[in-house]
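Hi,

Here is the structure I promised to send over. Have a look at it first, and then read on for what I found.

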Protein chains: 2
Amino acid sequence: MSPQNALYAQSGGVTATINATACGLIETARRHRSRIGRVYAAHNGILGVLAEDLIDTSAESAATIRALLYTPGGAFGSCRFDLSPLPQGRAQYERLIAVFRAHNIGYFFYNGGNGSAETAHRIATILPRMGYPVVSIAVPKTIDNDIVHSDSSPGFGSVAKFVATSMREAMADLASMAHSSTKVFVMEVMGRYSGWIAAACGLALPAGGDGPLLVLVPEIDFDRTRFLAAVRARIARHGWCAVAVAEGLRLRDGRRLTQAGGDGIPGHEQLGGVAPLIAAMVRRALQVKVHWGSLDYVQRAARHLASQTDVDQAYAVGRAAVRFALQGQTDVMPVIERLADQPYRWRIAPVALAGIMNREKRLPRRFLSADGYRLTARARTYFLPLIRGEAWPPFAAGLPVHARLKRQPVRRQLQSAFRNIS
Amino acid sequence: MSPQNALYAQSGGVTATINATACGLIETARRHRSRIGRVYAAHNGILGVLAEDLIDTSAESAATIRALLYTPGGAFGSCRFDLSPLPQGRAQYERLIAVFRAHNIGYFFYNGGNGSAETAHRIATILPRMGYPVVSIAVPKTIDNDIVHSDSSPGFGSVAKFVATSMREAMADLASMAHSSTKVFVMEVMGRYSGWIAAACGLALPAGGDGPLLVLVPEIDFDRTRFLAAVRARIARHGWCAVAVAEGLRLRDGRRLTQAGGDGIPGHEQLGGVAPLIAAMVRRALQVKVHWGSLDYVQRAARHLASQTDVDQAYAVGRAAVRFALQGQTDVMPVIERLADQPYRWRIAPVALAGIMNREKRLPRRFLSADGYRLTARARTYFLPLIRGEAWPPFAAGLPVHARLKRQPVRRQLQSAFRNIS
């Protein structure tokens, strides 16, 4: 009897290192050909499974799979879609069983965040009850760093390294212009619900003191008066002030600043972006020249400056997912456990999905100073190992080289398309 | 008689490699101690000269000067200020002579763009006529790539490499999300008057074909209807579309899009930023999910991804400035001459400032396709050598290491402060 195949899918917002996880998973599976047949990848996440739109990764050379280690984005396509619970999602699960059966899928690996963990959990629990035994494992990935029970999330270390580096560089620029020109630079980073990334920008400043860098996170209500006073004090002391702000910054009434239109600037809700609002606020109140930037996809795709720690961990969770599957584990996620801060040591351990899914790890309040604007020593101890090491990708003709996949489609076995996906 | 001293100053918007020029200049001057005494640096550009606010670079170790090679920003401070012409600027020139005489300055090096070339020219021509002979040399630097008679401008190659890399990475991200989420990503880059940087983003796409990346430059009037049709066509064919837009994008009536408020969104002029306007326009017209980013200082400070060609050339113009000065040349700029495209060969040559100052090299129309949205082969031939090679800086504890200067002040010799600077 030929061994069962594995199916790998990517889910949610992608990262600079999600493909490193794909690499770890596929390379490890290839070393166990007696127990895992082919590794298929769903095209565009779980939607590709439902559509029976699969890619045969065994058509890719070892070199191509290795190149996933330094390729940003989601190489097989991702999606924003969650399976429905039973009973209304019954048709979805029947379809999954039909697809899994048609392609002899014995292992399902879902590479995503908290929401995706629930999808993996449903597949792990519902499909066997409906008569199709399958191993289902959630593999962690999110720049948001909000997966509970995992010390950090693959993808976060690299975005943290990139934003802290970019902030340090922009501060050098600002410092040289402040005497007769720009005195404030506002940099917006991702983080709708939590300030992990904005806080990581705080690493740009050496430890200690009221340096000219403030971080604004969604966990702490934005107080306009207090913030402007803090900026004014930094300018008075240092000549300039940099600000890192999370996109999800909130007012005391719970609204996001971008929803509230900041200083009451009409039309802003159509534009989005909290950095221009903060910039306009500072410009008007302090009468100084202000620059602002917003990194958006650039930050989470910045594989050219990935953290070696992050790449190692992203690879390791992919490898561990296969090993756990082969050990007979299912309905789990391989998470990162921190064993020591310095020297940093970590290991991968399996955690039941029921304890992870749809929960969110928030930035601890103790990571920020009493005024909320600066990193504490505790935060630095946490963050620094995660951004350590430079996993430079190869460049050719001045630009980074990315994997070029064949993406060979798996021949469809089912007669019908699936239309009942929402 | 002890040799005369040199005075170096940085001017205008800084770059990722302006300090590489400072490094080349100081290291070269140090090799000619019999002819050049100390190298002083003005604190904050020409304003620091007028204020007699000077830094003695001879207090910096050789290792610190070497570290300037990978330190972004302007290590000695820059300024936005130009000297006035005669006769109204007379007091400024008298002050300059007093400062130069007090500190035995025989060589003045002004590191800037087109405007700074005029300041260097005025010092080269006016001071000798007023009885103070001095060698004055403009040293090129600008991310804008708009210095005439120089094939490229130090600082440009690195920003071009960073934006093209970031766009390529963001496109990988976008491609993986487009099936069920974001279909358009708009990235704003610098360029008020010219589209050199926006055009460089076009390198993110391989040569040939109507790929899913459009560039929008100030040299070509923005046509909303044609642009939206181009985006729609890319989405239909590729599933997604990326857009690189220069901040100075203009309408047919000559107004910038940001002045005109884009789609008539009120309040936008207070916020700035053309990317959110383009994003809102696409979202409304095509009813698709759109992301946007604006890199601002992050792009021109991104020394972590500098072009080796650019670092080499930035160093070389600093070295050449000293050599030209020692050859008795004055009122010139060392510019970059391209000798061959492939393999790329270049050399430094002196050009008279009168032919350079206050002119601007625009992006040639032939660098963009007939529709204005894509790079031509000719443009690629021009751009590619400029972004070649990765001049990775050293990192420590996960972050780039920058020079830490003592910035030892030169003891003031003059009794009076100078108040007549505007």
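Let's start with the overall build of chain A, which has 14 helices and 13 strands. Its radius of gyration is 23 Å, close to the 22 Å expected from the globule rule for 422 residues, so chain A is as compact as a globular protein of that length. Along the principal axes, the C-alpha trace of chain A spans about 75 × 45 × 40 Å. Buried residues account for 61% of the 422 residues in this chain. Among the contacts in chain A with a separation of 6 or more, 75% join residues that are 24 or more positions apart.

Please keep in mind that this is a predicted model. The average pLDDT of chain A is 95, and 98% of the residues score at least 70. For the model, the scores are ipTM 0.97 and pTM 0.98.

Next, the place where the two chains meet. Here 67 residues of chain B are in contact with 67 residues of chain A. On the chain B side, the elements that each supply at least two residues are α6 (156-177), β6 (184-189), α10 (268-271), α11 (275-286), β9 (290-294), α12 (297-300) and β13 (399-400). The most comes from α6(B), with 13 residues. By character, the residues of chain B that touch chain A divide into 33 nonpolar, 24 polar and 10 charged.

Back in chain A, there is a helix pair you may like to look at. Helix α1 (residues 18-30) of chain A packs against helix α13 (residues 308-326) of chain A at an angle of about 40°, and their axes are 7 Å apart. The crossing of α1(A) and α13(A) is right-handed. On the α1(A) side the residues that meet α13(A) include Ala20(A), Cys23(A), Gly24(A) and Leu25(A), while those on the α13(A) side include Val311(A), Ala314(A), Gly318(A) and Arg319(A). The residues of this contact divide into 12 nonpolar, 4 polar and 2 charged.

One last residue to find on screen: Arg347(A), in strand β11 (residues 344-352) of chain A. Is Arg347(A) buried or exposed? It counts as exposed, because Arg347(A) has 12 C-beta neighbours inside 10 Å, and a residue with 12 or fewer is classed that way. Leaving aside neighbours within four places in sequence, Arg347(A) is in contact with Glu337(A) and Leu339(A). Leu47(A) is 300 residues from Arg347(A) in sequence, and the two are 32 Å apart in space, C-alpha to C-alpha.

Happy browsing, and do write back with any questions!

Best wishes

Notes
Residues numbered from 1 in each chain as written. Chains lettered and ligands numbered in written order. Predicted model: local features only at pLDDT ≥ 70, side-chain atom pairs only at ≥ 80, totals over all residues. Contact = placed C-beta atoms within 7 Å. Helix = DSSP H or I, 4+ residues; strand = E, 2+ residues; numbered from the N terminus. Nonpolar A, V, L, I, M, F, W, Y, C, P; charged D, E, K, R; others polar. Axes fitted to C-alpha atoms, helices over the stretch in contact; angles between N-to-C directions. Left-handed = near helix turned anticlockwise from the far one by under 90°. Rg over C-alpha atoms; globule rule 2.2 N^0.38 Å. Buried ≥ 20, exposed ≤ 12 C-beta atoms within 10 Å, placed from the backbone. pLDDT = per-residue confidence, 0-100.
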